[in-house]
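Here's a quick tour of one protein model, with a look at how some of its parts fit together. Have the sequence and the structure open as you read.

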Amino acid sequence: MLSNLDYTMFQWINHLAVSERVFNPLMVLLAEKAEYLFMVGILFYWFFQKAKNRRMVVEACFSACLALGINVLIGMFFYRDRPFVSHHVHWLIHHARNASFPSDHTAAAFVIAASIWIWRKRDGWIWLLLASGISLSRVWTGVHYPLDVIGGMVIGVGSAFLVHYLFARFSIFNKLGEFVIGLYDRAENIVLRRS
C-alpha cells in the first residue's frame with residue numbers, strides 16, 4: 001500500500017519534467033549543484049560573526065556526520081533500487097545505480113538547514129526552503145522516490161536536533177565543540193603569525 005502510494009506520487013512529480021519542462025534546468029541545477037551552496041554557507045558562517053556562528057557550524061558538521069552515518073547504516077541493511085532502475089522514468093540527470101533510500105542529498109541539505117534554523121531562525125527558513133527545493137528536484141529528475149527524500153529529511157532534521165540537544169545538555173559535548181573551535185583558532189593564529 002505504502003509503496004504503491006510512493007510510486008504514484010513519484011510518477012506525478014516526475015511527470016512534471018514533461019508537463020512543466022520549462023522548470024527542468026532549475027531542477028537539474030538544484031539536483032546536481034545546490035548542495036555546494038550549503039558548503040559555501042557553512043564557510044561563510046564560520047568566518048562571519050565568528051563568536052556567534054562557530055558553535056552553530058560545529059554542531060552542523062557533527063550533525064551531518066551523524067546523518068550521513070545513519071544513511072550508510074540503513075543502506076547496509078535495506079537496499080532499494082532507484083526509480084530509473086525499476087521503472088520507465090523521465091531521467092534528467094545521470095546517476096549511479098546504487099541504493100535509493102534514504103536520500104543523501106536530502107539528508108545533507110536538511111541537516112545543515114535545520115542546524116542553522118536552530119540558531120538563526122530567519123536565515124534557517126531560507127536554507128530549509130532551499131533544502132526542500134533539492135528534495136523536490138531529486139524526485140523530479142528521476143533519481144529518488146518521495147519516501148527516499150522524506151526519509152532523508154527526517155534523518156537530517158532529527159540528527160540536527162539530537163546533536164543540538166546533546167551539546168546543550170551534556171558538558172562533554174559542549175567541551176568537544178569548544179575544543180574543535182579552539183584547535184582551529186590556534187592553527188589560524190600560527191598561520192597568521194607566519195605570514
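## Around Pro83

Leaving out residues up to four places away in sequence, Pro83 touches Phe10, Val89, Ser100, Gly142, Val143, His144 and Tyr145. Keep in mind that this is a predicted model. Pro83 sits in helix H5, which covers residues 83-86. Its relative accessibility is 0%, and since anything under 20% counts as buried, Pro83 is buried. If you want a sense of distance, try Leu162: Pro83 and Leu162 are 79 residues apart in sequence, and their C-alpha atoms are 31 Å apart in space.

## Two helices side by side

Now for some helix packing. Two packed helices are described by the angle between their axes and the distance between those axes. Helix H4 (residues 50-77) packs against helix H6 (residues 104-119) at an angle of about 150°, and the axes are 9 Å apart. An angle over 145 degrees counts as roughly antiparallel, so that's what H4 is to H6. The crossing of H4 and H6 is right-handed.

Which residues of H4 and H6 make the contact? From H4 come Arg55, Met56, Glu59, Ala60, Ser63, Ala64, Ala67, Leu68 and Asn71. H6 brings Asp104, Ala107, Ala108, Val111, Ile112, Ser115, Ile116 and Trp119. Sorted by character, the residues in this contact of H4 with H6 are 11 nonpolar, three polar and three charged.

## Aromatic rings

On to the rings. The model has 16 aromatic pairs. A pair of aromatic rings is described by the distance of the centres and the angle of the planes. Here are two of the pairs:

| Pair | Centre to centre | Angle between planes | Type |
|---|---|---|---|
| Phe44 and Phe48 | 4.9 Å | 15° | stacked |
| Trp46 and Tyr184 | 5.2 Å | 85° | edge-to-face |

The Phe44 and Phe48 planes are at 15°, and under 30 degrees counts as stacked, so this pair is stacked. Phe44 is partly exposed, with a relative accessible area of 46%, and Phe48 is partly exposed too, at 38%.

As for Trp46 and Tyr184, Trp46 lies in helix H3 (residues 35-47) and Tyr184 in helix H9 (residues 171-194), so their pair ties together parts that are 138 residues apart in sequence. Are these two buried or exposed? Trp46 counts as buried at 11% relative accessibility, while Tyr184 is partly exposed at 28%.

Finally, there's a cluster: ring pairs link Phe62, Tyr165, Phe167, Phe170 and Phe173.

Terms used: Residues are numbered from 1 along each chain as its sequence is written. This is a predicted model: local features need pLDDT of at least 70, side-chain atom pairs count only at pLDDT 80 or more; totals for chains, interfaces and linings use all residues. Side-chain values use heavy atoms; hydrogens and water are left out. Axes are lines fitted to C-alpha atoms, for helices over the stretch in contact, and angles run from 0 to 180 degrees between N-to-C directions. Helices (H or I, at least four residues) and strands (E, at least two) are DSSP runs, numbered from the N terminus. Angles under 35 degrees count as roughly parallel, over 145 as roughly antiparallel, 65 to 115 as roughly perpendicular and the rest as oblique. A crossing is left-handed if the near helix is turned anticlockwise from the far one by less than a right angle, and right-handed if clockwise. Contact means heavy atoms within 4.5 Å. Ala, Val, Leu, Ile, Met, Phe, Trp, Tyr, Cys and Pro count as nonpolar, Asp, Glu, Lys and Arg as charged, and the others, Gly among them, as polar. Rings of Phe, Tyr and Trp (its six-membered ring) pair if their centres lie within 6.5 Å; planes under 30 degrees apart count as stacked, over 60 as edge-to-face and the rest as tilted. Buried means under 20% relative accessible area, exposed over 50%, partly exposed in between (1.4 Å probe, protein chains only).
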